[in-house]
Amino acid sequence: MTPVLWWNYPVWALSAILTGALVATYVRDPAIEVPPTQGGKTFAGSMLSLFAVGCPICNKLVVMAIGVSGALNWFAPIQPVLAIASLGLLAYALWARRRTAAACRVRLGAPA
């Protein structure tokens, strides 16, 4: 077992909050037109957070790709970078989604 690091819990909580807020922006009235997704930033940010907070040798994809020693010596040191990238992508996707939703509001009852 590898120990849980201090930054794992805040990244885990923040990525859950950002992903939840981003998913909540997709709950809408079906009559209102919504712009397309943010080009995969939600998926990429969520997957990066999954790789960032998981233990390096528990991640089967990493172990399969570079082995256990590679996971501990190469992948573990870049996990904080993955965490920052994940939170950045999720925050940007949420910001862009909210900005687009606010700019493209449709007034109900307005003449077409």
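This is a short tour of a predicted model, stop by stop.

**Whole chain**

Start with everything shown as cartoon. The protein has 3 helices and 0 strands. Along the sequence the pattern reads α-α-α. Of the 112 residues, 26% are buried. Now consider contacts with a sequence separation of 6 or more: residues 24 or more positions apart account for 72% of them.

Next, colour by confidence. The average pLDDT is 79, and 75% of the residues score at least 70. Among the elements, α1 has the highest mean, 90. Helix α2, residues 41–53, has the lowest, 75.

**Helix α1**

Select residues 8–24, which form α1. What distance should the 17 residues of α1 span at 1.5 Å a residue? The expected span is 24 Å, and the end C-alpha atoms are 24 Å apart, so the two agree.

Show side chains on this helix. Asn 8, Val 11, Ser 15, Leu 18 and Leu 22 are buried. Turn the view to look down the axis of α1. The buried residues fall within an arc of 105°, so they line one face of the helix. An α-helix has 3.6 residues a turn, so residues three or four places apart point the same way. Rotate to the other side of α1. There Tyr 9, Trp 12 and Ile 17 are exposed.

**The nonpolar core**

Stay with the buried side chains and add α3, residues 60–103. The largest nonpolar core has 14 residues. Which residues have the most contacts inside this core? They are Val 11, Leu 18, Leu 22 and Ala 83. Two elements, α1 and α3, give two or more residues to the core. The most come from α3, with 9 residues.

Pick Ala 83. Beyond residues up to four places away in sequence, Ala 83 touches Trp 7, Val 11 and Ala 52. Val 11 is worth keeping highlighted: this residue is buried in α1 and ranks with Ala 83 among those with the most contacts inside the core.

**Thr 2**

Move to the segment before α1, where Thr 2 sits. Show its surroundings. Leaving aside neighbours within four places in sequence, Thr 2 is in contact with Cys 55, Pro 56, Ile 57 and Leu 72. Then draw a C-alpha to C-alpha distance to Ala 76. Thr 2 and Ala 76 are 74 residues apart in sequence and 10.0 Å apart in space.

**Pro 56**

One of the contacts of Thr 2 is the next stop: Pro 56. Pro 56 lies in the loop between α2 and α3. Is Pro 56 buried or exposed? Its relative accessibility is 6%, under the 20% cut-off, so Pro 56 counts as buried.

Select its contacts. Not counting residues up to four places away in sequence, Pro 56 touches Thr 2, Val 62, Val 63, Ala 71, Leu 72, Phe 75, Ala 76 and Gln 79. Leu 72 also appears in the contacts of Thr 2. For another distance, try Asn 73: Pro 56 and Asn 73 are 17 residues apart in sequence and 9.5 Å apart from C-alpha to C-alpha.

**The aromatic pair**

Finish in α3. The structure holds 1 aromatic pair. Tyr 92 and Trp 95 form this pair, and its geometry is tilted. The centres are 5.7 Å apart, with 40° between the planes. Tyr 92 and Trp 95 are 3 residues apart in helix α3, so about one helical turn separates them. Last, check the surface at Tyr 92. Its relative accessibility is 38%, so Tyr 92 counts as partly exposed.

Technical notes
Residues numbered from 1 in each chain as written. Predicted model: local features only at pLDDT ≥ 70, side-chain atom pairs only at ≥ 80, totals over all residues. Heavy atoms only, no water. Core = buried A, V, L, I, M, F, W, Y, C linked by side-chain atoms within 4.5 Å. Buried < 20%, exposed > 50% of the residue type's maximum accessible area, 1.4 Å probe, protein only. Helix = DSSP H or I, 4+ residues; strand = E, 2+ residues; numbered from the N terminus. Contact = heavy atoms within 4.5 Å. pLDDT = per-residue confidence, 0-100. Expected span 1.5 Å × (residues − 1). Arc of directions from axis to C-beta. Phe/Tyr/Trp six-rings, centres within 6.5 Å; stacked < 30°, edge-to-face > 60°.
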